[in-house]
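Here are some notes on this structure, written for someone opening it for the first time. Please keep the sequence and the 3D view side by side while reading.

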Amino acid sequence: MLDLSRLNPPQRTAVTFEDGPSLVLAGAGSGKTRVIAHRIAWLVEQGVPPDSILAVTFTNKAAAEMRERVKALSGTAGKESVIATFHGFGLWFLRQEHEAAGLPRWFSICDAGDQVTIAKRCLADVSLDGRRLDVRRLISCMSEQKALGASGTGGARGLGASASVPPSVPDDDYLAVADALLPRYERALRAQRSVDFEDLIVRPVALLSADPSIRDRYRERFQHVLVDEFQDTNAVQLRLLELLCAPLTSASGGAGRARAGARKSTAKPAPVNASTIPPGVHPWAGRSLCAVGDDDQAIYGWRGADVRNILGFERYFPGAAVIRLEQNYRSTGRILECANGVISRSSTRRPKRLWTEAATGDPVRVVALPDEQEEARFVAGEVGRALNSGLRPAEIAVLYRLNAQSQAFEEAFREVGIPHTVKGGPAFFDRSEVRDILAWLKVCAFPQDDVSLVRAVNAPARGIGDVALERLGTWAAGRGEPVSAVLRSASAVPDIPRGAPERLEQLANTIERFRARFGPGRIAEPARMMFEELDFRAWLRRGVMSAEAGTRRAEAVDSVLRTLEWLERRHPASTLGSFLNRLALDSRDDEPEDVEGVALMTLHAAKGLEFPLVFLVGVEEDLLPVSGIQGEARDLEEERRLAYVGITRARQTLWITRATARTRRGRVEPRTPSRFLEDLPAGAHVRHDPESGSTPEATAARSSEVLRALRARLGGRN
């Protein structure tokens, strides 16, 4: 029997909501993941088949946590329900419907780096210089065009009535180039049997929109849908939910499916138009949509998320119930007072106010320092004080608006030996040597992947030049075949350089030998043998000047092999292709790793995390809120939500710091306190700055004293 006694009343209401759409407005720290996990377990306990439940979220980390919680509450639901990211669900759907989508059974996912390669190649095809264009911005424009055309009409309204957001308008040049490039780009993806990340949502939406039989089948399959972080959905994701979650009932048995006992029935209801629903039958009988989110934490507008999806939920899903979770289980009372003070000034939000039964706690301390160096030294001093009192480095975070702000704090921490880690640096799988490793794995898993083949050809070098590859590629394209299919026919290519056909045939034999070794459950050992035969580690070491850098590059091979070994243990039947597709999805998560050190990260990277001690730094005009091109805040409402997210990361102690001057381009410029500081309630914070009578010099002196003691303890410099 599922125990709901530890849930508060609004949580229990959200968990046990029967049929129809519901919006759970879950404030920061209010237990939203607990609600989703308990609701899935509760549905199964009521007789709902586990495989008729779909739960989607945005990061693999969140999906994994959700699965583990559901397993702990209801083992069957954790194994049989579909719990995934939006893109993970899209991949699952396209695997089921690959024929209808015009895809082979084992298509590959083109990652961000491969997208750049393909886009550059397409630019060359139309005689445009990719060096003069921001290729990633161009890819973004093409992705937006694909999303807008998902329902086949090619415009913003083509996504259905829910698509209330007009597309962001790029410069005319980028729009024109994207228009010209998109057909070529799509042909290139088709040629190598690939989809890109956008396709994982766009193609399911297009297929569900165009084919009523497929749409009805999946509406019938997924009777209960749950969405986490609903405020982060974009127009296409909202359209996907509309297609999956429309009311479904039948004249013969719809009403009976609304109750627990009848849910065990295997009878399949026939979809009918709402106008034909018999009297007394609920249009959502036996079906539900539970969307959990917080408009106050909508901070991803810059990447397409639309806060209006959550603000207008009842318009997209009429008759929806709204349930508010306002009890916070994370932060002290004064921290919540400050958070409420900042967010309550938002002009577009659903009203709610966080509260807690926990202690009032210490006031939030707001400190002004003379410049960015003194700000960093002060934070280092307070971190040292916290470490001396027994706090672990991993329990402390320094949060800032822009990555560029981290440098001063890195230097200050390094000076006194405080362990720290900077989140959001270059991702492991974006490193050049790692992409070379993955290229060989992709060549073995996906024979049609020309992008990976071209990268693998000379990694390590084998004397096959660009001219030979270009002429071979042109000849293959003319025959409508991938490059890998014509490697042994290179001697027929006009004007191919002398010696190239023999080397290309040797390459074909090598790839075929490696490819034959892989199979279900056989991934790590064939990969190890392949990299040993290629002498890959030695080649990576030779590619750099210093021995240290060479060792670091060579260790990338072992890191990838360890990942393969882990996958084999966790999923014994996995194939190399499934691993690479899983990796393509996982690498999109911009999530910090669990490292024992003080976390330095942006406010965007901190969402979803919490720390006993938080320093929210650089709280000044032009930084928080950050300024746009014309000097005004780019999106003041979203910047306010970012400040709210930063404040609510703190559990016990929160420091807010700013500099009264900063050096820019060699000039010292005065700084203005952030407008958000004026929204902090008087009784919930104290200030140590010029306006409150405490000088920056006096405040900095305190940190210098702590730093001297910390250096002595750590054996550092004085």
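The points below go from the whole chain to its cores and then to one strand.

1. This is a predicted model, and its protein chain holds 28 helices and 17 strands. Of the 718 residues in the chain, 54% are buried, while the accessible surface comes to about 31,200 Å², with 49% of that area belonging to carbon and sulfur atoms.

2. When contacts between residues at least 6 apart in sequence are considered, 78% of them join residues that are at least 24 apart.

3. The largest nonpolar core has 51 residues, and those with the most contacts inside it are Trp440, Leu441, Phe531 and Phe536. Several helices give two or more residues to this core, among them H18 (432-445), H22 (524-533) and H24 (547-570), and the largest share, 8 residues, comes from H18.

4. Leucine 441 is worth selecting in the viewer: leaving aside its neighbours within four places in sequence, its contacts include Phe518, Met530, Phe531, Val560 and Phe579. A second, separate core has 48 residues, including Ile109, Ala147, Leu244 and Ala291.

5. Why is strand S14 (residues 650-659) described as largely enclosed by the rest of the structure? The reason is that 8 of its 10 residues are buried.

6. Strand S14 pairs in the parallel sense with strand S9 (residues 364-369) over 5 bridges, where valine 367 has threonine 657 of S14 as its bridge partner. Strand S13 (residues 611-616) also pairs with S14 in the parallel sense, over 5 bridges, and here phenylalanine 615 stands opposite tryptophan 655 of S14.

Note on methods. Residues are numbered from 1 along each chain as its sequence is written. This is a predicted model: local features need pLDDT of at least 70, side-chain atom pairs count only at pLDDT 80 or more; totals for chains, interfaces and linings use all residues. Side-chain values use heavy atoms; hydrogens and water are left out. A nonpolar core is a set of buried Ala, Val, Leu, Ile, Met, Phe, Trp, Tyr and Cys residues joined through side-chain atoms within 4.5 Å. Buried means under 20% relative accessible area, exposed over 50%, partly exposed in between (1.4 Å probe, protein chains only). Helices (H or I, at least four residues) and strands (E, at least two) are DSSP runs, numbered from the N terminus. Contact means heavy atoms within 4.5 Å. Accessible areas come from the Shrake-Rupley method with a 1.4 Å probe; for residues, only the protein chains shown count as cover. Two strands pair if DSSP finds at least two bridges between them.
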